[in-house]
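Open the model in your viewer and keep the selection panel at hand. The stops below go from strand to sheet to helix.

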Amino acid sequence: MKQITFQSPSLSTYDVYEFGDNENGPEIVFTAGIHGVEQTAIYVAFQLIELLPNYSLKGKVKIIPIVNKAAYFNRTRTSPYDNLDLNRIFPGDKDGSQSMQLAHAIWQETRAADYIIDLHCCGEHGSNYVMSLYQDYEAQYKLARQIGIKHIVRSGGASGQLFLEACKVGQQAALLELKGGQPDGMVDLETAKFAIKRMFSLLNSIGVIESNSVETEVAIEDLIFHENIETIRANQHGFFNPERHSGEHCYKGDVLGKLDNVEILAPYDGLITAINYPRYTFSGERMIRYAKLYEIN
Ligand SMILES: [Zn+2]
């Protein structure tokens, strides 16, 4: 038997880029492409790989820019091997299906990390925010300040997510949602630039790099916390016309858009995490994703 590789790469590999050493600082891991189509996240990871050699590091940075190559080359969220959502099956299973084995391998790869930042995208209609478990773990407030992305959204808490399972075992972890990705792999360059800046600020804040030209953590007053995201769906077939943008903060009663001539009102103060473009929308389809403001006492 001989094996012919007619195209590289194999879809059951991932690449790990490592910078620095563990000597005198924390270890941080950045993952991207757990969902294959989420390309702004992947682009940010590759930019970090390009930029990090310009800094002297204390501690260690590991970057896995495309975790799920099978899904990446299929331009889909999930792997065509088994259609499992990789971010619902951590810590995985070494004897399971392709995605289960991948989850197991990534889980092992990230065990020594003090921090895990899992980069994702929430679609071309989306915006930039941190998915957090601030209501369950006090340390998430500190991490949110170190990341410094203004909007924090409470995770719906689905088990099997890398960041959530990592938090359960005492690691500092967050999931970043960035504009771009779905439906067919768009990189939002402006978002990427913003996210890279925030990631260097995080690295500075946790002591992995020292740079006077990079900001450190932001004040808690400069962050806005929200409950988990709800979907506002069309209750009839009609033309949806948005009047606001994703990433905008709204007050209760603000007009978010119209479905034919019916105004869609903000149900409470909160954040538009995503809003569709004008389109003919069918009954039951998504128009807006909205997260209610959370008041910190
Ligand atoms: Zn994702």
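In which sense do strand E11 (residues 238-242) and strand E16 (residues 279-281) pair, and over how many bridges? Select both strands of this predicted model: E11 and E16 pair in the antiparallel sense, over 3 bridges. To find one of the pairs, show Phe240, whose bridge partner in E16 is Arg279.

Keep E11 selected and add strand E13 (residues 255-259). E11 and E13 also pair in the antiparallel sense, again over 3 bridges. Here the residue to show is Asn241, with Lys258 as its bridge partner in E13.

**The open sheet**

Next, select the strands E1-E3-E2-E4-E7-E5-E6-E10-E17-E15-E12, given here in their order in the sheet. These 11 strands form an open sheet with mixed pairing. Colour strand E1 (17-20) and strand E12 (249-250) separately: they are the edge strands, and each pairs on one side only.

Three pairings within the sheet can be visited in turn:

- Select strand E5 (residues 129-132) and strand E7 (residues 172-178), which run antiparallel and are joined by 3 bridges. Met131 stands opposite Leu175 in E7.
- Move to strand E6 (residues 151-154) and strand E10 (residues 224-233), where the pairing is parallel, over 3 bridges. His151 stands opposite Ile224 in E10.
- Stay on E10 and add strand E17 (residues 286-293); the two pair in the antiparallel sense over 6 bridges. His226 stands opposite Leu293 in E17.

**Helix H1**

Now select helix H1 (residues 39-51). H1 lies across E1, strand E2 (27-32), strand E3 (60-64), strand E4 (115-121) and E7, and runs at about 135° to E4. Show its side chains and pick out the buried residues: Gln39, Thr40, Ala41, Ile42, Val44, Ala45, Gln47, Leu48 and Ile49. For a check on the helix length, take the distance between its end C-alpha atoms, which is 18 Å. That agrees with the 18 Å that 13 residues should span at 1.5 Å a residue.

**Helices H4 and H6**

The last stop is a pair of helices. Select helix H4 (residues 139-147) and helix H6 (residues 189-205), whose axes come within 7 Å and cross at roughly 125°. H4 is therefore oblique to H6. On the H4 side, Leu143, Gln146 and Ile147 make the contact; on the H6 side, show Arg198, Met199, Ser201, Leu202 and Ser205. Coloured by class, the contact of H4 with H6 has 4 nonpolar, 3 polar and 1 charged residues.

Key: Residues numbered from 1 in each chain as written. Predicted model: local features only at pLDDT ≥ 70, side-chain atom pairs only at ≥ 80, totals over all residues. Heavy atoms only, no water. Axes fitted to C-alpha atoms, helices over the stretch in contact; angles between N-to-C directions. Helix = DSSP H or I, 4+ residues; strand = E, 2+ residues; numbered from the N terminus. Parallel < 35°, antiparallel > 145°, perpendicular 65-115°, else oblique. Contact = heavy atoms within 4.5 Å. Nonpolar A, V, L, I, M, F, W, Y, C, P; charged D, E, K, R; others polar. Expected span 1.5 Å × (residues − 1). Buried < 20%, exposed > 50% of the residue type's maximum accessible area, 1.4 Å probe, protein only. Pairing = 2+ DSSP bridges.
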